[in-house]
Amino acid sequence: MLWKLAWRNIWRNKRRSLIVLVSIVIGMAALIFFDGFSNGMMQQMLSNQISSNISHIQIHKKGFNDNKIIKNILPDRQKVEQILKENAQVKFFSERVITFGLLSSASSSSGIYLYGIKPGAEEKISKIKTSIVEGNYLSDAKRDILIGKKLAEKLNVGLGDKVVAMANTPDGSIGSDVFRVTGIFETFSSEFDRSTIYISEQTAQNMLGIDNETLEFAMIIEDFKKVDEVKANLQLKLGDEYEVLSYKDLLPMIIFSMDIYQESMFIFNLIIGLALIFGIINTMLMSVFERINEFGVLMAMGMKNSRLFFMIVLEAFIIGIVGTIVGLIVGILIHIPLSHSGIDFSLFAEGLESFGVGAIIYPILSLGNLISMIFLIPFISVAGALYPAYRAIKLEPVYAINYV
Amino acid sequence: MEILRAEKLEKIYEDNGVPVHAVRGIDLKINKGDYTVIAGPSGSGKTTLLNLLGALDKPTSGKIFFENEDITTKTKSELSQIRLNKLGFIFQAYNLIPVLTALENIEFSMMLLNIPEKERKEKALNLMDELGIKELANKRPNEMSGGQQQRVAVTRAIVNNPSIVLADEPTANLDSETAGNLLSLMEKMNSDKNITFIFSSHDQQVIERAKKLIILKDGKIQN
Ligand SMILES: Nc1ncnc2c1ncn2[C@@H]1O[C@H](COP(=O)(O)OP(=O)(O)OP(=O)(O)O)[C@@H](O)[C@H]1O
Ligand SMILES: [Mg+2]
């Protein structure tokens with residue numbers, strides 16, 4: 001009966017309750033949108049990076065990641081390969097020769113990261129093949145080279161044009177070779193496209209004089225969530241000579257911004273919560289002051305303070321629950337189509353691409369945040385009703401009955 | 001049998017620092033089944049006295065014995081408990097809960113005593129039937145006339161079988177015919193169910209039909 005009474009009391013002043021409800025619904029929908037959007041952006045940044053060339057886990061000679069020089073070749077390529085083959089968690093892996101060098105065309109030249117890859121295996125651990133926008137993917141042919149679109153523009157070369165790559169060899173001399181542009185790729189990151197070239201590993205080894213040696217193993221594992229476990233396991237097997245790095249180690253900025261994001265989400269929740277709580281306190285106070293006479297009568301009838309208190313808090317709680325449910329529905333109705341179509345940020349695409357996100361952002365809702373939102377608003381509604389309810393039970397019955 | 005007794009009751013209000021002596025030394029006794037009207041001019045202290053007798057307010061000095069227990073020393077929540085279990089109230093402005101129907105208003109009284117839903121519905125409907133207001137069951141207060149609302153309020157006040165029903169000017173907002181009908185209803189409850197009533201009123205009709213009359217003037221009993 002108290003629930004029924006509370007429900008009807010809410011609708012006594014329809015406009016006032018609707019205003020609170022609408023503000024809760026808007027707050028909730030905004031939280032869902034904001035969370036989905038930021039979360040989607042973050043996940044996209046991460047998965048773009050992982051699928052471009054970071055992969056889940058990389059193995060190098062210790063120190064390579066801080067100093068990417070050709071001298072840091074892997075101590076024992078066969079051993080690493082064997083260990084990876086034996087590990088059931090490792091789904092795909094491939095090896096890469098990586099070094100810094102120079103790429104020149106007839107008209108210009110540019111500093112580059114040279115990747116010597118195994119075309120077949122690389123295809124399984126990165127998206128380089130599907131990023132080709134002109135020409136073909138790499139084969140093992142000696143003169144094949146893939147270059148980024150931005151780099152092609154900079155060097156003013158097209159498919160079939162001749163380019164010369166140069167890089168230091170481990171003994172300090174310079175290795176170089178001539179290539180004809182086989183394919184041009186375009187990824188989400190214009191920075192990557194400006195600075196990366198791919199040739200076959202074999203060619204790279206020849207050019208750099210490091211036959212049968214490599215610098216990196218990169219892999220995709222079966223269960224993305226077990227990355228720390230797999231990493232630790234590999235490190236243990238490989239020993240101190242090697243560094244085993246997960247995407248978390250390799251993308252500290254993204255991981256950091258994801259952490260920051262969780263905190264900013266908390267603050268965002270807090271701000272919306274604070275805005276709502278004052279609305280609720282205000283509404284409930286007004287509704288209590290309008291009913292002083294009625295409370296006087298209830299007190300005269302012997303209604304316990306605890307019950308009266310509960311009734312008032314219940315009214316706010318119901319508003320909070322209804323607002324949360326409607327807000328959730330509205331938020332999800334907005335979210336679902338956007339999560340399929342994505343939100344097109346082509347206008348700012350240049351900025352986003354150098355940030356590593358891509359022009360279209362697909363919102364993703366995180367269950368954890370959603371659950372905390374579902375609890376947040378009813379909790380805040382109850383909190384906002386505590387003071388008004390306290391004021392109500394502190395009334396003197398005689399004063400309340402005669403209050404005009 | 002005595003159920004209520006007041007001894008040397010005094011109530012002094014403070015009005016902006018000026019003491020107002022609203023009740024000055026009242027002694028009275030109410031027996032089970034009494035039908036008492038407290039009359040007197042405006043400002044004579046009728047409401048004040050009724051509030052004291054109804055455990056809504058505390059006297060400045062003096063004692064009130066309800067069923068032989070001194071209630072002037074009791075805490076607020078004990079007084080609330082007494083009102084819940086033993087007293088019924090009728091107000092000048094009816095004061096039904098506006099969002100509840102007549103039936104629900106009567107049920108509400110019983111809900112406060114934690115009577116189960118089925119039982120309270122049955123009891124409320126029976127009593128409404130007895131008082132001839134069953135057809136009002138599903139009406140909200142704003143769909144009823146003043147007289148109808150006050151009948152519902154009387155039903156609400158007596159449904160828990162209180163020892164005493166207190167009513168501060170219950171007929172003041174009603175025309176004299178409606179007031180007469182309401183009085184008949186309460187007289188019937190008084191004689192049929194032996195419910196004790198204490199009213200305050202300056203309505204001539206109410207005073208004429210009183211079985212016991214207390215006339216107040218300046219906070220003192222005149223008769
Ligand atoms: N809360 C209060 N504070 C100060 N003075 C009060 C208060 N309540 C009542 N009084 C004063 O006490 C006296 C008695 O008031 P009370 O309301 O009991 O009279 P009453 O007989 O019920 O009058 P009426 O017929 O107008 O209802 C009056 O002088 C009134 O002004
Ligand atoms: Mg009065």
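**Exercise 1. A salt bridge within chain B**

Task: In this predicted model, determine whether B:Lys74 is buried or exposed, and identify the residue with which B:Lys74 forms a salt bridge.

Solution.
Step 1. The relative accessible area of B:Lys74 is 14%. Buried means under 20%, so B:Lys74 is buried.
Step 2. The partner of B:Lys74 in a salt bridge is B:Glu69, and the closest N and O atoms are 2.8 Å apart.
Step 3. B:Glu69 has a relative accessibility of 45% and therefore counts as partly exposed.
Step 4. Elsewhere, salt bridges with shared partners connect A:Arg77, A:Glu81, A:Lys85, A:Glu95 and A:Lys118 in one network.

**Exercise 2. Salt bridges between chains and between distant parts of a chain**

Task: State how many salt bridges the structure holds over all chains. Then examine where the partners lie in the pair B:Glu104 and A:Arg8 and in the pair B:Asp34 and B:Lys212.

Solution.
Step 1. Over all chains, there are 31 salt bridges.
Step 2. In the salt bridge of B:Glu104 with A:Arg8, the closest N and O atoms are 2.5 Å apart. B:Glu104 belongs to helix α3 (residues 102-111) of chain B, and A:Arg8 to helix α1 (residues 2-10) of chain A, so this pair joins two chains. Both B:Glu104 and A:Arg8 are buried.
Step 3. B:Asp34 and B:Lys212 also form a salt bridge, with 3.0 Å between the closest N and O atoms. This pair links distant parts of the chain, 178 residues apart: B:Asp34 is in the loop between β2 (18-31) and β3 (35-39) of chain B, whereas B:Lys212 is in strand β9 (residues 212-217) of chain B.
Step 4. B:Asp34 counts as buried, at 14% relative accessibility, while B:Lys212, with a relative accessible area of 30%, is partly exposed.

**Exercise 3. An enclosed strand in chain A**

Task: Explain why strand β10 (residues 242-246) of chain A is described as largely enclosed, and find which residue of β10(A) stands opposite A:Ile59.

Solution.
Step 1. In β10 of chain A, 5 of the 5 residues are buried, so the strand is largely enclosed by the rest of the structure.
Step 2. In a regular strand, side chains alternate between the two faces of the sheet.
Step 3. One side of β10(A) carries A:Tyr242, A:Val244 and A:Ser246, the other A:Glu243 and A:Leu245; all are buried, and both faces are thus covered.
Step 4. Strand β1 (residues 57-61) of chain A runs antiparallel to β10(A), and 5 bridges join the two. The residue opposite A:Ile59 is A:Val244.

**Exercise 4. The open sheet of chain B**

Task: Give the order of the strands in the open sheet of chain B, and state which strands stand at the edges.

Solution.
Step 1. The sheet has 6 strands in the order β6-β7-β8-β3-β9-β10 (chain B), and the pairing is mixed.
Step 2. The edges are occupied by β6 and β10 (220-221) of chain B; each has a single partner strand, so one side of each lacks a neighbour in the sheet.
Step 3. At one such edge, β6(B) pairs with strand β7 (residues 164-168) of chain B in the parallel sense, over 4 bridges. B:Ile90 has B:Ala167 in β7(B) as its bridge partner.

**Exercise 5. Cavities and a pocket**

Task: Report how many cavities of 30 Å³ or more are found, and describe the linings of the largest cavity and the second largest pocket.

Solution.
Step 1. Rolling a probe the size of a water molecule over the atoms shows where empty space remains. The search of the whole structure gives 2 cavities of 30 Å³ or more.
Step 2. The volume of the largest cavity is about 140 Å³. Its lining has 15 residues, with A:Met301, B:Leu87, B:Gly88, B:Ser109 and B:Arg156 nearest the centre. By class, the lining of the largest cavity comprises 8 nonpolar, 5 polar and 2 charged residues.
Step 3. The second largest cavity holds about 30 Å³ of space. Its lining includes B:Leu52, B:Ala55 and B:Asp57, and divides into 6 nonpolar, 1 polar and 2 charged residues.
Step 4. The second largest pocket contains about 390 Å³ of space. Among its 19 lining residues, A:Pro397, B:Lys76, B:Ser77, B:Ser80 and B:Arg83 are the closest to the centre. The greatest contribution to this lining comes from α2(B), with 6 residues. The lining of the second largest pocket divides into 8 nonpolar, 4 polar and 7 charged residues.

How values were computed. Residues numbered from 1 in each chain as written. Chains lettered and ligands numbered in written order. Predicted model: local features only at pLDDT ≥ 70, side-chain atom pairs only at ≥ 80, totals over all residues. Heavy atoms only, no water. Salt bridge = Lys/Arg side-chain N within 4 Å of Asp/Glu carboxyl O. Buried < 20%, exposed > 50% of the residue type's maximum accessible area, 1.4 Å probe, protein only. 1 Å grid on protein atoms, 1.4 Å probe; cavity = no way out; pocket = protein on both sides within 12 Å on 5 of 7 lines; lining within 4 Å. Points joined across faces, edges and corners; volume = space filled by probe spheres on them. Nonpolar A, V, L, I, M, F, W, Y, C, P; charged D, E, K, R; others polar. Pairing = 2+ DSSP bridges.
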